[in-house]
Amino acid sequence: MATKIRLQRGGRKSYAFYRIVIADARAPRDGKFTEKIGTYNPNTNPATVDLNFERALYWVETGAQPTDTVRNILSREGVYLMKHLKGGVKKGAFDEATAQKKFDAWKADKQKGLEKVAADEAKAKKDAAAKELAQEKKLNEEIAKKVAEKKAAAEAAKAEAEAAQAAAEAPAAEEAPAAEA
């Protein structure tokens, strides 16, 4: 039986979620499978992978052929590196402890890179928020300035109207006492 390591689709429309499964090569994509070895969620940034590392390594060593996407996932998780290191142990190039040390160093370096990417993304998001806030403050200041100018113009017009009204009433008031006398 030819076995494949493939993705089995789940999730709702426009929000795919996949199980990483071992299946017969002749089985349909969402059909019967032998074993579920993990999940893959491409909707997050970066994509979330939950993988049973030992079972994935076992199936790769057994000869199960992964699809292209699953090969990339397994490679990023280090399954193929561990297979390569175990091959070196079998050939006698180095011992098991050295292989594990190399794998742990690779995993730590990869984790450091992922943390750096996450930190850069968080910094970019924070900078964008600060820039947006500064633009909003500037816009609010411009609006407040326009409102203040409008209020000042309205106050000036009101004062001018009051002055004109007072000026019109003043001569009328002066004429009234003169007529009485």
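The exercises below, each with a worked solution, concern a predicted model of a protein structure.

**Exercise 1. Determine which residues line the largest pocket, and which helices supply them.**

Step 1. List the lining. It consists of Pro 46, Ala 47, Val 49, Ile 73, Arg 76, Glu 77, Lys 107, Lys 110, Gln 111 and Leu 114.

Step 2. Assign residues to helices. Helix α2, residues 68-77, and helix α4, residues 96-180, each contribute at least two lining residues. The largest share, 4 residues, belongs to α4.

Step 3. Sort the lining by class. There are 5 nonpolar, 1 polar and 4 charged residues.

Step 4. State the volume. The largest pocket encloses about 280 Å³. As general background, rolling a probe the size of a water molecule over the atoms shows where empty space is left.

**Exercise 2. Compare the span of helix α3 with the expected span, and identify which of its residues are buried.**

Step 1. Locate the helix. Helix α3 runs over residues 79-91 and has 13 residues.

Step 2. Compare the spans. From the first C-alpha to the last, α3 reaches 19 Å, which is close to the 18 Å expected at 1.5 Å a residue.

Step 3. Identify the buried positions. Val 79, Met 82, Leu 85 and Gly 88 are buried in α3.

Step 4. Recall the helical repeat. An α-helix has 3.6 residues a turn, so residues three or four places apart point the same way.

Step 5. Examine what follows the helix. Gly 92, just after α3, has a positive phi of about 90°. Gly 92 belongs to the loop between α3 and α4 and is exposed, with a relative accessibility of 58%. Its C-alpha is separated by 23 Å from that of Trp 59, 33 residues away along the chain.

**Exercise 3. Decide whether Glu 35 is buried or exposed, and state what its side chain contacts.**

Step 1. Place the residue. Glu 35 is part of strand β3, residues 35-41.

Step 2. Apply the cut-off. Buried means under 20% relative accessible area. Glu 35 has 18%, and therefore counts as buried.

Step 3. Find the polar contact. The side chains of Glu 35 and Trp 59 are joined by a polar contact of 2.7 Å.

Step 4. Add the other contacts. Beyond its neighbours within four places in sequence, Glu 35 contacts Ile 20, Val 21, Ile 22, Arg 55 and Trp 59.

Step 5. Turn to another residue of the strand. Asn 41 also lies in β3 and is buried, at 13% relative accessible area. Not counting residues up to four places away in sequence, Asn 41 touches Tyr 15, Ala 16, Phe 17, Ala 47 and Thr 48.

**Exercise 4. Describe the surroundings of Leu 74 and Val 60.**

Step 1. Place both residues. Leu 74 is in helix α2, whereas Val 60 is in helix α1, residues 53-62.

Step 2. Read their accessibility. Leu 74 is buried, because its relative accessible area is 0%. Val 60 is buried as well, with 6%.

Step 3. List the contacts, leaving aside residues within four places in sequence. Leu 74 touches Ile 5, Leu 51, Ala 56, Val 60, Pro 66, Val 79 and Tyr 80. Val 60 is in contact with Ile 5, Leu 74, Val 79, Tyr 80 and Lys 83.

Step 4. Set separation in sequence beside separation in space. Leu 74 and Ile 5 are 69 residues apart in sequence, and their C-alpha atoms are 10.0 Å apart. Val 60 and Ala 166 are 106 residues apart in sequence, and their C-alpha atoms are 98 Å apart.

**Exercise 5. Explain what is notable about the backbone at Ser 14 and between Asn 45 and Pro 46.**

Step 1. Recall the general expectation. Most residues other than glycine have a negative phi, and most peptide bonds are trans.

Step 2. Examine Ser 14. This residue is not a glycine, yet its phi is positive, about 65°. Ser 14 lies in the loop between β1, residues 3-12, and β2 and is exposed at 70% relative accessibility.

Step 3. Examine the peptide bond. Asn 45 and Pro 46 are joined by a cis peptide bond, with omega about -5°. Pro 46 lies in the loop between β3 and β4, residues 48-51. Pro 46 is also among the residues that line the largest pocket.

Methods:
Residues are numbered from 1 along each chain as its sequence is written. This is a predicted model: local features need pLDDT of at least 70, side-chain atom pairs count only at pLDDT 80 or more; totals for chains, interfaces and linings use all residues. Side-chain values use heavy atoms; hydrogens and water are left out. On a 1 Å grid over the protein atoms alone, a cavity is a set of points where a 1.4 Å probe fits but cannot get out, and a pocket is an open set with protein on both sides within 12 Å along at least five of seven lines; lining residues have an atom within 4 Å of a point. Grid points are joined across faces, edges and corners, and a volume is the space filled by probe spheres set on the points. Ala, Val, Leu, Ile, Met, Phe, Trp, Tyr, Cys and Pro count as nonpolar, Asp, Glu, Lys and Arg as charged, and the others, Gly among them, as polar. The expected span of a helix is 1.5 Å times one less than its number of residues. Buried means under 20% relative accessible area, exposed over 50%, partly exposed in between (1.4 Å probe, protein chains only). A polar contact is a pair of N or O atoms within 3.5 Å; within protein, one must be able to donate a hydrogen and the other to accept it, and residues adjacent in sequence count only if both atoms are side-chain atoms. Contact means heavy atoms within 4.5 Å.
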